[in-house]
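Reader: Please choose one part of this chain and take me through it closely, saying what each term means as you go. After that, I would like to see how the rest of the chain is put together.

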Amino acid sequence: MINDRPTHLRVNLDAVLNNYRKLDKLNGLKTSLAVVKADSYGLGAKVIADYLYKNGVRHFAVATLEEALELKKYIKESLLLVLGVTNPKNVKYAVENNISLTCPSKEWFEEALKELEKIDGKLKLHIKLETGMNRIGTSEVEELMEIHNLFYSEKVEFEGIFSHYSNADGEDNEYDDYQTANFNSLVKLFKLKPKYIHIENSAGTIKYSDRNDICNLSRIGIALYGCYPSSNIERLNKLSLEPVASLVSKVTHVKKVPKGTKIGYGISYETQEDEYIATIPIGYADGLLRRAQGFKLNVAGEECEIVGRVCMDQLMVRCSENIKVGDDVLVFGEYNNQKISVDDFADYQKTISYEIFCCINRRVPRKYYLNNTEL
Ligand SMILES: *Cc1c(COP(=O)(O)O)cnc(C)c1O
């Protein structure tokens, strides 16, 4: 297939691996698990997981069973944990493919055991403890003891126990400490000991790198992809992450228009003087949303404001007379020595880098680079 439109997402694989190694070093003796859910936050899980695996990473997590099945052929000999709730009717796919599942409740466990009776093999499970996020998992002591006892079944392996911080990227540690205390006291109830104990995400990993706790694994997501979970975490200054993703395009049309010219749908912008307007082939169908109107993109080294409404497939910027058709455009990331932080792009739209990455539509080709050479 030809690739006519110049809009694409550049993903720097060196940077992902370097970020992994920096975090792993910070993590000390704990094992660092790469979270590659939601197609590696939209950046492309097959290529990223394959590359990390080839460079020795052996612990991964995804959100769904479908994601796990898709990745298993790239990351054979590794832990691959599904973090969300899998339909217990489908546990056989996890057993057959050596995929580990999350157990969110006793009820789920019992349903899974019924299915497991019908097949050979063992299911590896990580118990999800509820400590403060209130999403999935349980904190009921009685229920947890019943879950504990179900592990005496030959059909299951008690591989892990975990929870999730809900405010680790926040300003203070108060709620993390509350969750940690809950976690510690619930884990203690289990006489059988699992191989993995984990609660940290990227924020927790960076924040608590100096702490000695009961965990031996951390789950690292956004930091792998070069972003700090929040400015609070960035301010800790513990490591310098390398940007991974850049959204780029090229100018497809330029014209000079007189003062008073109305630009785009809804005539929301009118030129203040004679102006140059450049058109760029990217729009909300690519995930560059209408709320980005007014943000300044980089066009051939020049800061150019998005003027008028963002259309489905194109947008317009105000530029100087120097801008020509074919000039490079940077929406966020680093390209040709230009730089726009994805956090600035996200802040402008009152969101977070996670959402920006995940919302880049599949119409935008992902291109992968190693040492600045396209794969
Ligand atoms: C997404 C997710 C992570 C990774 O979070 P980051 O903030 O991206 O590091 C870790 N654990 C669970 C349960 C998650 O859902």
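Author: Lys37 is a good place to begin, and it counts as partly exposed because its relative accessibility is 29%, where buried means under 20% relative accessible area, exposed means over 50%, and partly exposed lies in between, for a 1.4 Å probe and protein chains only. This is a predicted model, in which local features need pLDDT of at least 70 and side-chain atom pairs count only at pLDDT 80 or more, while totals for chains, interfaces and linings use all residues. Residues are numbered from 1 along each chain as its sequence is written, and side-chain values use heavy atoms, with hydrogens and water left out.

Lys37 lies in helix H2, which covers residues 37-41; helices (H or I, at least four residues) and strands (E, at least two) are DSSP runs numbered from the N terminus. Apart from its neighbours within four places in sequence, Lys37 is in contact with Ala61, Val62, Ala63 and Glu67, contact meaning heavy atoms within 4.5 Å. An unreviewed UniProt entry places the feature "modified residue: N6-(pyridoxal phosphate)lysine" at Lys37; UniProt positions are given in the numbering used here, feature names are shortened, and annotations may be inferred rather than shown by experiment.

Ala38, also in helix H2, has a positive phi of about 50° although it is not a glycine. Most residues other than glycine have a negative phi. At 33% relative accessibility, Ala38 counts as partly exposed. A positive phi, near 45°, is also found at Ala300, again a residue other than glycine, and Ala300 sits in the loop between strand E15 (296-299) and strand E16 (302-307). Ala300 is partly exposed, with a relative accessible area of 48%.

Under "active site", the unreviewed UniProt entry lists Lys37 together with Tyr265. The two are spread over 229 residues of sequence and are also spread in space, with up to 36.2 Å between C-alpha atoms. Of these residues, Lys37 is included in the lining of the largest pocket, where a pocket, found on a 1 Å grid over the protein atoms alone, is an open set of points with protein on both sides within 12 Å along at least five of seven lines, and lining residues have an atom within 4 Å of a point.

Tyr265 is placed in the loop between strand E12 (262-263) and strand E13 (269-270), and it counts as exposed because its relative accessibility is 59%. Leaving aside neighbours within four places in sequence, Tyr265 is in contact with Arg309 and Cys311. The unreviewed UniProt annotation "domain: Alanine racemase C-terminal" covers residues 244-369, a stretch that is 10% helix and 40% strand, with its end C-alpha atoms 10 Å apart.

Two helix pairs show how other parts of the chain pack. Helix H1 (residues 13-26) and helix H3 (residues 45-54) meet at an angle of about 55°, with their axes 10 Å apart; axes are lines fitted to C-alpha atoms, for helices over the stretch in contact, and angles run from 0 to 180 degrees between N-to-C directions. That angle makes H1 oblique to H3, given that angles under 35 degrees count as roughly parallel, over 145 as roughly antiparallel, 65 to 115 as roughly perpendicular and the rest as oblique. The crossing of H1 and H3 is right-handed, the near helix being turned clockwise from the far one by less than a right angle, whereas anticlockwise would make it left-handed. Leu13, Asp14, Val16, Leu17 and Tyr20 of H1 meet Val47, Ile48, Tyr51 and Leu52 of H3.

Helix H6 (residues 106-116) and helix H7 (residues 141-150) pack at about 25°, with their axes 9 Å apart, and are therefore roughly parallel to each other. Lys106, Phe109, Glu110 and Leu113 of H6 make this contact with Glu143, Glu146, Ile147 and Leu150 of H7, and H6 passes H7 in a left-handed crossing.

The chain as a whole has 12 helices and 21 strands, and 53% of its 375 residues count as buried.

Technical notes. 1 Å grid on protein atoms, 1.4 Å probe; cavity = no way out; pocket = protein on both sides within 12 Å on 5 of 7 lines; lining within 4 Å.
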